[in-house]
Amino acid sequence: MSKHQWKQQVRQHLQHYHALLWQTRTPQEKRALRWGAVALLILLGVWQLQAQRQQTQQLHQRLQTAVKEREQLLHIQHQATQIVPRRYTYSVEEQHQALAQSLATESLSAYMRFADKDKKAAPPWHIQVDAMPATLLTQWLFHTPTQLQLHVSHLHLQRSQKEGREQAALLSGQIHLQPQEQP
């Protein structure tokens with residue numbers, strides 16, 4: 001069936017239904033159907049406008065909430081810039097005690113210890129590292145000295161060796177720590 005034939009068949013069906021449904025109606029029925037169609041279009045238009053109005057109101061409320069929240073955040077940010085930060089400065093004894101506690105933890109005690117026999121409280125402190133996993137050592141180096149206001153003055157690490165062979169991801173060596181200079 002060609003496109004032209006198909007269009008012609010559709011046209012014939014529409015004309016048949018038009019004649020069957022519309023032309024058999026009386027003028028009063030036609031007028032009532034026209035008014036009904038107009039009323040239906042008006043109701044659909046009003047319904048659509050009402051939905052758009054509600055959506056606009058919701059968006060407006062969300063916008064007002066966002067603006068208020070932004071103003072609150074800006075106010076908090078302004079307050080935060082006005083606060084003068086206080087920094088606690090650890091004493092040498094506190095630093096040594098915290099460092100000793102850090103090295104005594106279950107996860108570190110097998111790998112790290114004070115290199116000095118007397119574990120002196122006076123800086124610099126020498127830490128001996130033996131076959132420590134590199135990830136654990138890296139985490140410790142990034143967090144603990146900074147938290148305790150310590151400076152790594154010397155770091156000598158190398159791959160651990162067992163029976164003359166280097167072990168992957170295990171490090172041994174020494175770390176020297178001393179208190180940071182205060183501004």
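Contact here means heavy atoms within 4.5 Å. The model is predicted.

**Exercise 1. State how confidence is distributed along the chain.**

Solution. Begin with the whole chain: its mean pLDDT is 87, and 96% of its residues reach 70 or more. Then go to the elements. Confidence is lowest in helix α1 (residues 3-21), with a mean of 83, and highest in α2, with a mean of 93.

**Exercise 2. Describe the largest nonpolar core and the place of L99 in it.**

Solution. Step one is the membership: the core has 15 residues. Those with the most contacts inside it are L99, M112, I127, W140, I175 and L177.

Step two is the origin of these residues. Two or more come from each of α3 (92-104), β1 (112-114), β2 (125-133), α4 (134-147) and β4 (165-179). The element that gives the most is β2, with four residues.

Step three is the set of partners of L99. Leaving out residues up to four places away in sequence, L99 touches F114, W125, I127, W140, L148, L150 and L177.

**Exercise 3. Decide whether L137 is buried or exposed, and list its contacts.**

Solution. L137 is found in helix α4. Buried means under 20% relative accessible area. L137 has 1% relative accessibility, so it counts as buried. With residues up to four places away in sequence set aside, L137 touches M112, V129, M132, L157, L171 and I175.

Now set L137 against L59. The two are 78 residues apart in sequence, and their C-alpha atoms are 52 Å apart in space.

**Exercise 4. Locate the nonpolar surface patch and classify W35.**

Solution. The patch is made by W35, V38, I42 and V46, and its area is about 430 Å². W35 is found in helix α2 (residues 27-82). The cut-off for exposed is over 50%. At 61% relative accessibility W35 therefore counts as exposed.

**Exercise 5. For A131 and A169, give the backbone phi, the element and the accessibility class.**

Solution. Take A131 to begin with. This residue has a positive phi of about 50° although it is not a glycine. A131 lies in strand β2. Its relative accessibility is 30%, so A131 counts as partly exposed.

Next, A169. Its phi is also positive, at about 65°, although A169 is not a glycine. The residue is found in strand β4. Because its relative accessibility is 52%, A169 counts as exposed.

Definitions and conventions
Residues numbered from 1 in each chain as written. Predicted model: local features only at pLDDT ≥ 70, side-chain atom pairs only at ≥ 80, totals over all residues. Heavy atoms only, no water. Patch = residues over 30% accessible without salt bridge, like charges linked within 9 Å, V, L, I, M, F, W, Y side chains within 5 Å. Areas by Shrake-Rupley, 256 points an atom, 1.4 Å probe, with all protein chains shown as cover. Salt bridge = Lys/Arg side-chain N within 4 Å of Asp/Glu carboxyl O. Buried < 20%, exposed > 50% of the residue type's maximum accessible area, 1.4 Å probe, protein only. pLDDT = per-residue confidence, 0-100. Core = buried A, V, L, I, M, F, W, Y, C linked by side-chain atoms within 4.5 Å.
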